[in-house]
Every structure is written in C-alpha cells, then in structure tokens.
Amino acid sequence: MFISFEGSDGSGKTTQIQLLADHLRAAGRSVLTTREPGGTRIGDGIRQLLLDLAHTEMHARAETLLFNAARAQIVAEVIRPALAARITVLCDRFADSTLAYQGYGHQQEIAELERLIAYATGGLRPHLAIYLDIPPAEGIRRNRGRADGDWNRLDAQELSFYQRVETGYRQLIAQEPERWAVVDATRPRDEVHHDVVQALQRKLPALSQSL
Ligand code: TYD
C-alpha cells in the first residue's frame, strides 16, 4: 500500500507520518517512511541543489526537472521494491506536490507536468493521498517558528504563492475525491492522528483490516 501526505509547508506532515507509521507497526505491518525530494543518495543530492539559498538563478523548468529526477530515483530504488515486498510506504509529498507547487504555485502548464510526472513515476500513483488541511498563513507562521532553523530557498515565497498552492490542492481533490482524504490539521496532533487513522479505515479497507 502506498500512501502520500500532502499539504502546505508547516502542516505537520512529518509528525503525522511518524505517528501513523508507529500505529501501523504496532498493528504488525511492515512500514517504510520516506520523503520527497530525497529518500535516496541521489535524491538527497538533488534536494541540496533545490534548497540551497545561493541558487537564486534556478529556472522554474530546471526546478521542476530536478524534483522529478529525484522522484524517478526514489520510485525505482525505494518505492517499487518496497511495494513488491508488501511493505506499506508512507511518503512525505509525492507527485501532487509538483502539480500544486510548480503547476498552480509557479503557474507552469498542468498537462505538461502530468506528462513529466508519468515519465518520472512510470505511472505509479499513491493509493491514497492524505491532505493535511491548514490555512497557508498558519503554515508559514508555524514554519518560521521552527526551532531547527531549517529555512531554505523553497520557503522564500510570498503568501500569494502559498494561496495558489492551496487552491491547487483543492482543485486536485475536487477532480479525484476518491483518491484523497482531507484532514483538518489545525487541531492538536493526537486529534489529527485519530482522523488520519479513521480516514485510512474508510478509504483503504484492505489496509485497515490490520489496524
Ligand atoms: P521540505 O523541507 O521537505 O518541507 P515541507 O515540510 O514543506 O514538506 O521542503 C520541500 C519543499 O519542496 C516544499 O516547499 C514543497 C516543495 N516541493 C515542490 O515544490 N515540488 C515538489 O514536487 C515537491 C516534492 C516538493
């Protein structure tokens, strides 16, 4: 089973993935958690290129290709082999991030991005994408308050950019509601976790048999 987590920066994806992984493991499942961009040696190298604050000249198309190069690598090296071994894969962001950020946020053409994503993934898509729903301004506030000083080039965007990204996610969800679960992520983390588990039970009965 392949599940991605999507949402604005600062929506708490990392925490929720960890909580869900613990929950599934306690129920006896083998679980792999990973993230995009990154998750492989090559992907982590690409991640450094993408996040580097010095790379102010990076062209939007170069950025898009780098995200998808990292994606092609993680699909081939990590995700497909894990799924073949019946491991549940939880991924912090996947191709929907490219549609939301590069497509709606940076206003690149969606149809072109869809072709590129299909090439990078060989058509692999998550069985379920969990959208952690938080107003963009709240996400930015949380992100800037982070103690780890993890500020990077991709965080340096205007609020209007994040609003377009949010609008984009809502369109993606409206187009394919069966592929998404929307969870209100403004609440305390344990309540959000509870809703994530419930969403899984509703959407993926095969997975929830072992919950
Ligand atoms: P990351 O440090 O992983 O933060 P977050 O907690 O927000 O996930 O940064 C990833 C950034 O890359 C984030 O701003 C979203 C962006 N991104 C894209 O623009 N396109 C993509 O395809 C992916 C996977 C991420």
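On a 1 Å grid over the protein atoms alone, a pocket is an open set of points where a 1.4 Å probe fits, with protein on both sides within 12 Å along at least five of seven lines. A molecule sits in a pocket if more than half of its atoms lie within 2 Å of its grid points. With that in hand, select the ligand: it sits in the largest pocket.

A word on what you are viewing. This is a predicted model, in which local features need pLDDT of at least 70 and side-chain atom pairs count only at pLDDT 80 or more, while totals for chains, interfaces and linings use all residues. Residues are numbered from 1 along each chain as its sequence is written, and side-chain values use heavy atoms, with hydrogens and water left out.

**Around the ligand**

Now show the residues with a heavy atom within 4 Å of the ligand. There are 13 of them, and the closest are Asp-9, Lys-13, Arg-93, Thr-98 and Gln-102. Colour them by class and you should find six charged (Asp, Glu, Lys, Arg), three nonpolar (Ala, Val, Leu, Ile, Met, Phe, Trp, Tyr, Cys, Pro) and four polar residues (the others, Gly among them).

Next, switch to cartoon, with helices (H or I, at least four residues) and strands (E, at least two) taken as DSSP runs numbered from the N terminus. Helices H3 (60-84) and H4 (95-105) each supply at least two residues of the shell; H4 gives the largest share, four residues.

Which polar contacts (N or O pairs within 3.5 Å) can you pick out? Try Gln-102, with a side-chain N or O atom 2.7 Å from a ligand nitrogen. Then pick Lys-13, where a polar side-chain atom lies 2.9 Å from a ligand oxygen, and Arg-71, where the corresponding distance to a ligand oxygen is 3.0 Å. Taken alone the ligand exposes 540 Å², of which the protein buries 95% (Shrake-Rupley areas, 1.4 Å probe).

**A salt bridge**

Go back to Asp-9 and add Arg-93: they form a salt bridge, with the closest N and O atoms 3.7 Å apart (the criterion is a side-chain nitrogen of Lys or Arg within 4 Å of a carboxyl oxygen of Asp or Glu). The pair links distant parts of the chain, 84 residues apart: Asp-9 is in the loop between strand E1 (2-7) and helix H1 (13-26), Arg-93 in the loop between strand E3 (88-92) and H4.

**Two backbone stops**

Most residues other than glycine have a negative phi, and most peptide bonds are trans. Select Glu-36 and Pro-37 to see a cis peptide bond, with omega about -15°. Pro-37 is in the loop between strand E2 (31-35) and helix H2 (41-51). Finish at Arg-86, in the loop between H3 and E3, where phi is positive, near 60°.

Technical notes. Polar contact = N/O pair within 3.5 Å; in protein donor to acceptor, adjacent residues only side chain to side chain. 1 Å grid on protein atoms, 1.4 Å probe; cavity = no way out; pocket = protein on both sides within 12 Å on 5 of 7 lines; lining within 4 Å.
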